[in-house]
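Student: I'd love to go through this structure with you, one question at a time. Shall we start?

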Protein chains: 2
Amino acid sequence: MGIPIEFFFDFSSPYSYLASEVIEPLAARYGREVDYKPVLLGAAFKVAGTRPLTEVPLKGEYSKRDMERSARFAGVPFVLPEAFPIGAVAASRALIWLADSDVRRARAFVHAAFREYFVAGRNIADNSVLAGVLRQVGADADQVLAAVQRPELKERLKAAVDAALARGVFGAPFLFVDGEPFWGHDRLVQVERWLASGPF
Amino acid sequence: MGIPIEFFFDFSSPYSYLASEVIEPLAARYGREVDYKPVLLGAAFKVAGTRPLTEVPLKGEYSKRDMERSARFAGVPFVLPEAFPIGAVAASRALIWLADSDVRRARAFVHAAFREYFVAGRNIADNSVLAGVLRQVGADADQVLAAVQRPELKERLKAAVDAALARGVFGAPFLFVDGEPFWGHDRLVQVERWLASGPF
């Protein structure tokens, strides 16, 4: 296996969800795995002085149309949830906790949480919804929900976000392939060329 | 021929240049022509509350890398000019003036101006550089440069920009295909699907 692809994302990011639905088969075709790393776009927006896409005048209206069309283009089911955007702090901490003991379950959780939010349209920032997602992947929901309230896990997510910002992650999805940065689900075509034939 | 593709762009936009190098052959494959329409991103940024890409913290550094890599990906020569961004008012007015009498020359001017700026790296906001571009396409440079200072042409560009903003154009390139909006050179893959098989 080559170096894993680092996939920085926010559970509240529609384009991260779209990319998450295709990145693993894409990576596998070139002998790579995917390392999912949560970021919090709110923190990135503060540093970059930007805002959630849907709140920008003109751009906001277009973006909603583009998200839906891009999902149809990719053949991926998608709804823009009523609660949008959300703070994905608890889900992000849960991911870190799960990854400690079982990377495969952590990966399944990424997909289950994204689909709960962007297909079923349910607010994964709500603890009872998040508990349902955790149970779907066979995790002990009570144990995980207790853990995400502990200072240690709060600190670890904060440190992970700071580390991402320090590496220049200002949006999501944000991928590093062999250290090369690619921002946006629309850069997956360039990611594929990189994987196929190296730096260009 | 089907309805022409409306191609809104700013002469100062690298991604507009990249798209301009491929949009005509793409359109022609599906029996379409391209209607080049100048906008001024400065005006759009004011409405949307955004900024030139390269001036946004974190995003700026990435963007420069992405422009160069995207150009290599597309096989299009590219340099980021020393004078960047520029106010493309004179070039935009010149385009409107040229299109009145000769659409083919206007189209040639778009490419010549873009290449002067993004391949040779010369500042097309400079009148002597712009005059050279006009001569390249067989236009009377003195006549055009005099015309772009007249109130009538100033008003027409202003009206064109206002009309673009009213249609939701907040960035560049911004295309309308059969009225459907597509923002960004990276949406050309979706434009192609639309041209090939209609709405999706």
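Tutor: Happy to. Keep in mind that this is a predicted model. A good place to begin is a pair of strands in chain B: β1 (residues 5–9) and β3 (residues 174–177) pair over three bridges.

Student: In which sense do strand β1 and strand β3 of chain B pair, parallel or antiparallel?

Tutor: In general, strands of a sheet pair through backbone hydrogen bonds, in either of two senses. Here B:Phe8 stands opposite B:Phe174 of β3(B). The three bridges between β1(B) and β3(B) give the sense as antiparallel.

Student: What is the strand order of the open sheet in chain B?

Tutor: The sheet has four strands, and its pairing is mixed. Its edge strands, each pairing on one side only, are β2 (34–38) and β4 (180–183) of chain B. On average, neighbouring strands are turned by 20° against each other, direction ignored. Read across, the order is β2-β1-β3-β4.

Student: Which helix of chain A lies across β3 and β4 of chain B?

Tutor: Look for a helix spanning residues 59–74 of chain A. Its direction makes an angle of about 95° with β4(B). That helix is α4 of chain A.

Student: How far apart are the end C-alpha atoms of helix α6 of chain B?

Tutor: Helix α6(B) covers residues 103–118, which makes 16 residues. At 1.5 Å a residue the helix should span 22 Å, and the model agrees with this. The distance between the end C-alpha atoms is 23 Å.

Student: Which residue caps the N-terminal end of α6(B)?

Tutor: Follow the backbone nitrogen of B:Arg104 to a side-chain oxygen 3.1 Å away. The residue that supplies this oxygen is B:Asp102.

Student: What covers the buried residues of α6(B)?

Tutor: Among the buried residues of this helix are B:Phe109, B:Val110, B:Phe114 and B:Tyr117. Their cover includes two strands and several helices of chain B. Named in full, these elements are β1, α1 (14–20), α2 (23–29), β2, α5 (89–101) and α7 (127–136).

Student: Why is the ring pair of A:Trp183 and B:Tyr62 stacked or edge-to-face?

Tutor: This pair crosses between chains, from strand β4 of chain A to helix α4 of chain B. A:Trp183 is partly exposed at 28% relative accessible area, whereas B:Tyr62 is buried at 6%. The ring centres lie 6.3 Å apart. Because the planes meet at 85°, and over 60 degrees is the cut-off, the pair is edge-to-face.

How values were computed
Residues numbered from 1 in each chain as written. Chains lettered and ligands numbered in written order. Predicted model: local features only at pLDDT ≥ 70, side-chain atom pairs only at ≥ 80, totals over all residues. Heavy atoms only, no water. Pairing = 2+ DSSP bridges. Axes fitted to C-alpha atoms, helices over the stretch in contact; angles between N-to-C directions. Contact = heavy atoms within 4.5 Å. Expected span 1.5 Å × (residues − 1). Buried < 20%, exposed > 50% of the residue type's maximum accessible area, 1.4 Å probe, protein only. Polar contact = N/O pair within 3.5 Å; in protein donor to acceptor, adjacent residues only side chain to side chain. Phe/Tyr/Trp six-rings, centres within 6.5 Å; stacked < 30°, edge-to-face > 60°.
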